[in-house]
Amino acid sequence: MILTRSPYYKSVPWNRPSDGATADSYKLELFIWTGNKTTDVPLSATYSIVKENIEASTGTDKVDVARLVNDYIQNTVITGSLTGLKTTNSCVWVKHQIKYTVGANITNELVVTDFATQGYGYGYEGENHQAPNNMLTDVLEVEVYEDGYLMLPIVRSNNLLRVTSFPKNIFFQEATITASTESTQNVSVFNIDLTEYGTGDEYININYNGVDFTAYIRDECLHTPIDVQFINRYGASQTITFFKERRDSMSVKGSTYESSSAQPSTGKHQFVDYNVNGKTSFEANTGYLSEDANELIKQLILSEEVWIGGIPVNTKTKNVEYKTQVNDRLVNYTVQFEYSYNEINTI
């Protein structure tokens with residue numbers, strides 16, 4: 001798995017693996033595509049990087065390929081609230097191979113096909129960071145609105161996915177999620193429509209590949225909760241719910257010039273506004289959550305793509321002070337969002 005917002009280094013030994021001969025040069029070829037992993041491979045390389053072994057080195061060279069792959073990933077919003085697996089545009093296939101040149105002899109070696117998402121590793125995690133398992137989230141306990149929805153990203157990997165509601169102990173869904181060679185299916189989102197669960201359930205357990213994910217169901221009588229979809233640090237769509245107060249506002253920008261075409265006494269403007277447009281923003285409060293929400297808030301603010309109800313928004317909050325039960329007793333956050341478009345359409 002290649003996380004393209006952080007460096008991903010391809011290690012290339014100068015000694016050719018097939019026979020140990022020291023290469024005069026090598027060419028790293030990258031093939032990047034969407035579709036089927038085996039049948040849609042491009043005929044020619046998307047990128048080629050040539051390096052000469054001027055000093056006759058016998059060590060190992062390294063090339064960062066993440067920045068080259070990143071531009072080929074175009075995330076899109078996931079719509080529809082029905083429970084089930086949702087396809088995504090979160091990943092592309094990446095094949096890298098090394099063409100070694102030793103004298104007049106050229107061999108093609110170290111051929112590897114992987115997949116890439118617009119994820120990242122934290123600064124202390126080192127290079128080529130990987131997801132710990134096929135459930136693409138760091139937070140295994142969340143709180144959800146009983147009339148909302150939940151998105152949990154996974155890698156399809158021939159493993160059993162079981163959804164159980166408690167305290168009724170009802171097996172809501174159980175199926176083996178087969179691996180896929182299609183890029184739109186390889187990284188999928190398991191979506192749960194929480195209205196499908198009967199009254200009396202307190203939480204839902206999702207077990208996938210031996211990992212448990214728990215969603216605690218909450219009611220909210222005063223406010224209308226907001227389910228925020230964002231691209232998390234593994235490059236896949238996840239949700240966080242804001243349960244409490246929301247406040248909307250609009251800011252307007254424009255230009256003004258002074259006109260002398262007529263007198264104000266005739267109803268004409270002496271100062272004329274033009275290029276006036278506005279943007280609507282709002283701030284929302286999470287309500288009281290567990291400390292696990294700190295990681296979700298962190299990834300939300302670091303996310304480059306966020307949606308609310310299928311509508312694109314930008315996160316305006318750029319600073320956050322993490323809260324803990326020891327220091328703050330109660331953990332809640334207020335985040336400011338801005339709709340990612342002008343009030344007057346200009347494109």
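**Exercise 1. Find how many bridges join S1 to strand S8, and say whether the two run parallel or antiparallel.**

Start with the count: S1 and strand S8, which spans residues 105–117, are joined by 2 bridges. Next, the direction: the two strands run parallel. Keep in mind that this is a predicted model. For a concrete pair, go to leucine 3, whose bridge partner in S8 is threonine 117.

Now zoom out to the sheet. It is open, has 5 strands in the order S1-S8-S7-S3-S4, and its pairing is mixed. Strand S1 (2–3) and strand S4 (47–52) sit at the edges with a single partner strand each, so each has one side without a neighbour in the sheet. As a reminder, strands of a sheet pair through backbone hydrogen bonds, in either a parallel or an antiparallel way.

**Exercise 2. Work out why the protein chain counts as more spread out than a compact globule.**

First, take stock of the elements: the protein chain has 4 helices and 22 strands. Then compare two numbers: the radius of gyration is 26 Å, while the globule rule gives 20 Å for 347 residues. The computed value is well over the rule, so the chain is more spread out than a compact globule.

A few other whole-chain values fill in the picture. Along the principal axes, the C-alpha atoms fill a box of roughly 85 × 75 × 45 Å. Of the 347 residues, 45% count as buried. Among contacts with a separation of 6 or more, 70% come from residues 24 or more positions apart. The chain exposes about 17,400 Å², with 47% of it supplied by carbon and sulfur atoms. As for charge, the mean positions of the 27 positive and 42 negative charges are 4 Å apart.

**Exercise 3. Decide which residues of H3 are buried, and which strands they pack against.**

Begin with the tally: helix H3 (residues 293–302) is mostly covered, with 7 of its 10 residues buried. By name, these are Ala293, Asn294, Leu296, Ile297, Gln299, Leu300 and Ile301. Then look for what covers them. The buried residues of H3 pack against strand S9 (141–145), strand S16 (226–231), strand S17 (237–242), strand S20 (306–308), strand S21 (311–315) and strand S22 (334–339).

**Exercise 4. Track down the backbone oddities at proline 167, asparagine 128 and asparagine 209.**

Take the proline to begin with. Phenylalanine 166 and proline 167 are joined by a cis peptide bond, with omega about 10°. Proline 167 is in the loop between strand S11 (159–166) and strand S12 (170–177).

Now the asparagines. Asparagine 128 has a positive phi near 55°, and its place is in the loop between S8 and S9. Its relative accessibility is 24%, so asparagine 128 counts as partly exposed. Asparagine 209 has a positive phi near 55° and lies in the loop between strand S14 (203–208) and strand S15 (211–218). At 32% relative accessibility, asparagine 209 counts as partly exposed.

**Exercise 5. Is serine 281 buried or exposed, and what is it in contact with?**

Locate it: serine 281 is in strand S19 (residues 271–285). Check the cover: buried means under 20% relative accessible area, and serine 281 has 6%, so it is buried.

Finally, list the company. Leaving aside neighbours within four places in sequence, serine 281 is in contact with Arg247, Asp248, Ser249, Lys316, Gln336, Phe337 and Glu338. Phenylalanine 337 is 56 residues away along the chain, yet its C-alpha atom is separated from that of serine 281 by 5.6 Å.

How values were computed: Residues numbered from 1 in each chain as written. Predicted model: local features only at pLDDT ≥ 70, side-chain atom pairs only at ≥ 80, totals over all residues. Heavy atoms only, no water. Pairing = 2+ DSSP bridges. Rg over C-alpha atoms; globule rule 2.2 N^0.38 Å. Buried < 20%, exposed > 50% of the residue type's maximum accessible area, 1.4 Å probe, protein only. Contact = heavy atoms within 4.5 Å. Areas by Shrake-Rupley, 256 points an atom, 1.4 Å probe, with all protein chains shown as cover. Lys, Arg positive; Asp, Glu negative; His and termini not counted. Charge placed at Lys NZ, Arg CZ, Asp CG, Glu CD.
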